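This report describes the fold and selected local environments of a single protein chain. The account begins with one contact environment and then proceeds to the overall architecture.

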Amino acid sequence: MKTLFATGYRAHELQIFNQKHKHIPYIKKAVEAKLIPLIEEGLEWIITPGQYGFDLWVCEVAFGLQSLYPQLKLSIITAFMNPEEQWNDEKKEYYRQIIAKVDYYGAVSHQPYVGPWQFQARDELLFRKSDGLLLFYDEEAAEGSPKYVKEKALKKPQEDGYELILITAEDIQNAAEEESYDSYVDTYESNYDEPIE
């Protein structure tokens, strides 16, 4: 796989309303666990719609991985121009910091939001340009916007070997438990590193 389309829940669909939410680090850790093996097997590009939420957290993870894997490139391709226009100032600033660092930024439709067809055109382009999809979606946790992308992805493998990689609530839970275990081990070991007199 050379190019991965990455998308998932928007922040508000997860009841996340700022970048300090306690679950974001676990979501990022789950993303990293899925990306590293793909990069080591030859992944070159991650492309995302850049929606506020999972898409931008994937960007942050990719930026962190680029120091270890400088060949990794990142692209945001939005459905229409200036998707952040209606966001609050904090979200706008965060978004602008992200797009300043990506390797490629573009919009499928070179006009502001007109209608849902822009999202469909964007998704069709991203599917066409990618070999697989990393999707944060969990039917048991919440339906939300990723449902439609998953439905399209499920039709693709039959056509051309398109790969669907899911991140679920269980992956996030595992990342949280691993983090908790690692901090416990670190604390335990540091308490017992002192020499006994």
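Two residues are taken to be in contact when heavy atoms of theirs lie within 4.5 Å. The model under discussion is predicted.

**A buried loop residue**

By that criterion, and leaving aside neighbours within four places in sequence, Ser130 is in contact with Thr3, Leu4, Phe5, Ile47 and Tyr162. Ser130 lies in the loop between helix H4 and strand S5. Its relative accessible area is 7%, and because buried denotes a value under 20%, Ser130 is classed as buried. One of its contacts, Ile47, is 83 residues away in sequence, whereas the C-alpha atoms of Ser130 and Ile47 are 7.9 Å apart in space.

**Overall architecture**

The chain contains six helices and six strands. From the N terminus on, these elements follow the order β-α-β-α-β-α-β-α-β-α-β-α. Of the 197 residues, 42% count as buried. The accessible surface of the chain comes to about 11300 Å², and carbon and sulfur atoms account for 49% of that area. Among contacts between residues at least 6 apart in sequence, 80% join residues at least 24 apart.

**The sheet**

Six strands form an open sheet with parallel pairing, in the order S4-S3-S2-S1-S5-S6. Strand S4 (104-109) and strand S6 (163-167) stand at the edges; each has a single partner strand, so one side of each is left without a neighbour in the sheet. Neighbouring strands are turned by 25° against each other on average, direction ignored.

Strands of a sheet pair through backbone hydrogen bonds, in either a parallel or an antiparallel arrangement. Three of the parallel pairings are listed below, each with a pair of residues that stand opposite one another.

| Strand pair | Bridges | Opposed residues |
|---|---|---|
| S1 and S2 | three bridges | Leu4 and Ile46 |
| S2 and S3 | four bridges | Ile47 and Ser75 |
| S5 and S6 | five bridges | Leu135 and Leu166 |

Which residues cover the two faces of S1? In a regular strand the side chains alternate between the two faces of the sheet. Thr3, Phe5 and Thr7 are on one side of S1, with Leu4, Ala6 and Gly8 on the other, and all of these are buried. Strand S1 is thus described as mostly covered, with six of its six residues buried. Strand S3 is also mostly covered, with seven of its eight residues buried.

**Helices packed on the sheet**

Helix H1 (residues 24-40) packs on the sheet and touches strand S1 (3-8), strand S2 (45-48), S5 and S6. The direction of H1 makes about 150° with that of S6. Helix H4 lies across S1, S2, strand S3 (73-80), S4 and S5, and runs at about 155° to S3.

Helix H4 comprises residues 117-129. Its 13 residues reach 18 Å from the first C-alpha to the last, close to the 18 Å expected at 1.5 Å a residue. An α-helix has 3.6 residues a turn, so residues three or four places apart point the same way. The buried residues in H4 include Gln118, Arg122, Asp123, Leu125, Leu126 and Phe127.

**Arg122 in helix H4**

Is Arg122 buried or exposed? Arg122, which is found in helix H4, has a relative accessible area of 5% and is therefore buried. Leaving aside its neighbours within four places in sequence, Arg122 is in contact with Pro49, Gln51, Ile77, Thr78, Ala79 and Val108.

**Aromatic pairs**

The structure holds twelve aromatic pairs. One of them is formed by Tyr113 and Phe119, whose ring centres are 5.8 Å apart with 40° between the planes, a tilted arrangement. How accessible are the two partners? Tyr113 counts as partly exposed at 45% relative accessibility, and Phe119 likewise counts as partly exposed, at 25%. Elsewhere, ring pairs link Tyr52, Trp87, Tyr94, Tyr95 and Tyr105 into a cluster.

Key:
Residues numbered from 1 in each chain as written. Predicted model: local features only at pLDDT ≥ 70, side-chain atom pairs only at ≥ 80, totals over all residues. Heavy atoms only, no water. Expected span 1.5 Å × (residues − 1). Buried < 20%, exposed > 50% of the residue type's maximum accessible area, 1.4 Å probe, protein only. Areas by Shrake-Rupley, 256 points an atom, 1.4 Å probe, with all protein chains shown as cover. Pairing = 2+ DSSP bridges. Axes fitted to C-alpha atoms, helices over the stretch in contact; angles between N-to-C directions. Phe/Tyr/Trp six-rings, centres within 6.5 Å; stacked < 30°, edge-to-face > 60°.
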